[in-house]
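Me: I'd like to learn how to read a protein model, one feature at a time. Could you walk me through this one?

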Amino acid sequence: MGTSAIDSYIFGEGTEMVLPNEMGIQEVFELHPVAVLSADLQAKHPQIRTYIGKSKKRPEVKVRLSATPLGINAWLLFPNGEHRFLQPVTHKKRYISYSR
């Protein structure tokens with residue numbers, strides 16, 4: 001993902017993002033915007049965006065992602081029932097990935 005996409009926090013339809021998978025290997029996911037905030041809340045917080053997507057290599061692997069000025073939060077859902085999370089530890093610099 002290019003720096004401009006990270007800086008803007010707003011990704012268009014069909015944006016591709018590389019995320020670490022359950023093995024720590026980079027995997028490309030295709031994202032699509034989805035509205036979860038009410039219109040009023042979205043207007044008050046235009047920098048917060050939410051997305052759904054799936055792996056380009058393994059379409060059965062799904063992702064839900066939110067992008068904020070603090071970074072991205074991702075929830076990867078695997079067909080075997082495993083869930084993996086990606087959360088920022090420091091502003092735009094480091095992330096932690098864990099399963100739960």
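**Salt bridges first**

Reply: Let's start with a charged pair: Arg-58 and Glu-22 join their side chains in a salt bridge, at 2.9 Å from N to O. That pair brings together distant parts of the chain, with Arg-58 in the loop between E3 and E4 and Glu-22 in the loop between E1 and E2, 36 residues apart. Keep in mind that this is a predicted model.

Me: What is the general idea behind such a pair?

Reply: Side chains of opposite charge can pair when their charged atoms come close. Here, the Arg-58 and Glu-22 side chains also make a polar contact, at 2.9 Å.

Me: Which residues are linked with Arg-58 in a network of salt bridges?

Reply: Glu-22 and Glu-27 are the ones linked with Arg-58 in that network. If you set aside neighbours within four places in sequence, Arg-58 is in contact with Asn-21, Glu-22, Glu-27 and Phe-78.

Me: Is Glu-22 buried or partly exposed?

Reply: Glu-22 is partly exposed, since its relative accessible area is 24% and buried would mean under 20%.

Me: How many salt bridges does the count come to?

Reply: The count comes to four salt bridges. One of them joins Lys-56 and Glu-16, whose closest N and O atoms are 2.8 Å apart. This pair also links distant parts of the chain: Lys-56 sits in the loop between E3 and E4, Glu-16 belongs to strand E1 (residues 15–20), and 40 residues separate them. Both partners are partly exposed, Lys-56 with a relative accessible area of 46% and Glu-16 at 40%.

Me: Where do Arg-84 and Glu-82 come in?

Reply: Their side chains meet in a salt bridge too, at 3.9 Å from N to O. Try the accessibility reading again here: Arg-84 counts as buried because its value is 13%, while Glu-82, at 24%, counts as partly exposed.

**Strands side by side**

Me: Now the strands, please. What should I know about a strand in general?

Reply: In a regular strand the side chains alternate between the two faces of the sheet. To see how strands pair in this model, take E2 (residues 26–33) and E3 (residues 49–55), which run antiparallel and share five bridges. Within that pairing, Glu-30 has Lys-54 of E3 as its bridge partner.

Me: In which sense do E3 and E4 pair?

Reply: E3 pairs with E4 (residues 62–68) in the antiparallel sense, over six bridges. Look for Arg-49, which stands opposite Ala-67 in E4. The two strands form a hairpin, and six residues lie between them. Remember Arg-58 from earlier: its place is the loop between E3 and E4.

**Rings that pair**

Me: How do I read a pair of aromatic rings?

Reply: A pair of aromatic rings is described by the distance of the centres and the angle of the planes. A search of the whole structure finds two aromatic pairs. In one, Trp-75 and Phe-85 have ring centres 6.2 Å apart and planes at 10 degrees, so the pair is stacked. Trp-75 is in strand E5 (residues 71–77) and Phe-85 in strand E6 (residues 83–90), so this pair ties together parts ten residues apart in sequence.

Me: What about Phe-85 and Tyr-98?

Reply: Their ring centres are 5.5 Å apart and their planes stand at 25 degrees, so they count as stacked. Phe-85 is in E6 and Tyr-98 in strand E7 (residues 94–99), with their positions 13 residues apart in the chain count. The C-alpha atoms of these two are separated by 5.4 Å. Put the rings together and you get one aromatic cluster of Trp-75, Phe-85 and Tyr-98. As for accessibility, Trp-75 is partly exposed at 31%, and Tyr-98 is partly exposed at 25%.

**The nonpolar core**

Me: How many residues does the largest nonpolar core have?

Reply: The largest nonpolar core has 14 residues, and among those with the most contacts inside it are Leu-19, Val-63 and Leu-65. E1, E2, E4 and E5 are the elements that each give two or more residues to this core.

Me: Which residues does Leu-19 touch?

Reply: Not counting residues up to four places away in sequence, Leu-19 touches several residues, including Ile-25, Phe-29, Val-63, Leu-65, Ile-72 and Leu-86.

Conventions: Residues are numbered from 1 along each chain as its sequence is written. This is a predicted model: local features need pLDDT of at least 70, side-chain atom pairs count only at pLDDT 80 or more; totals for chains, interfaces and linings use all residues. Side-chain values use heavy atoms; hydrogens and water are left out. Two strands pair if DSSP finds at least two bridges between them. Helices (H or I, at least four residues) and strands (E, at least two) are DSSP runs, numbered from the N terminus. Buried means under 20% relative accessible area, exposed over 50%, partly exposed in between (1.4 Å probe, protein chains only). Rings of Phe, Tyr and Trp (its six-membered ring) pair if their centres lie within 6.5 Å; planes under 30 degrees apart count as stacked, over 60 as edge-to-face and the rest as tilted. A nonpolar core is a set of buried Ala, Val, Leu, Ile, Met, Phe, Trp, Tyr and Cys residues joined through side-chain atoms within 4.5 Å. Contact means heavy atoms within 4.5 Å. A polar contact is a pair of N or O atoms within 3.5 Å; within protein, one must be able to donate a hydrogen and the other to accept it, and residues adjacent in sequence count only if both atoms are side-chain atoms.
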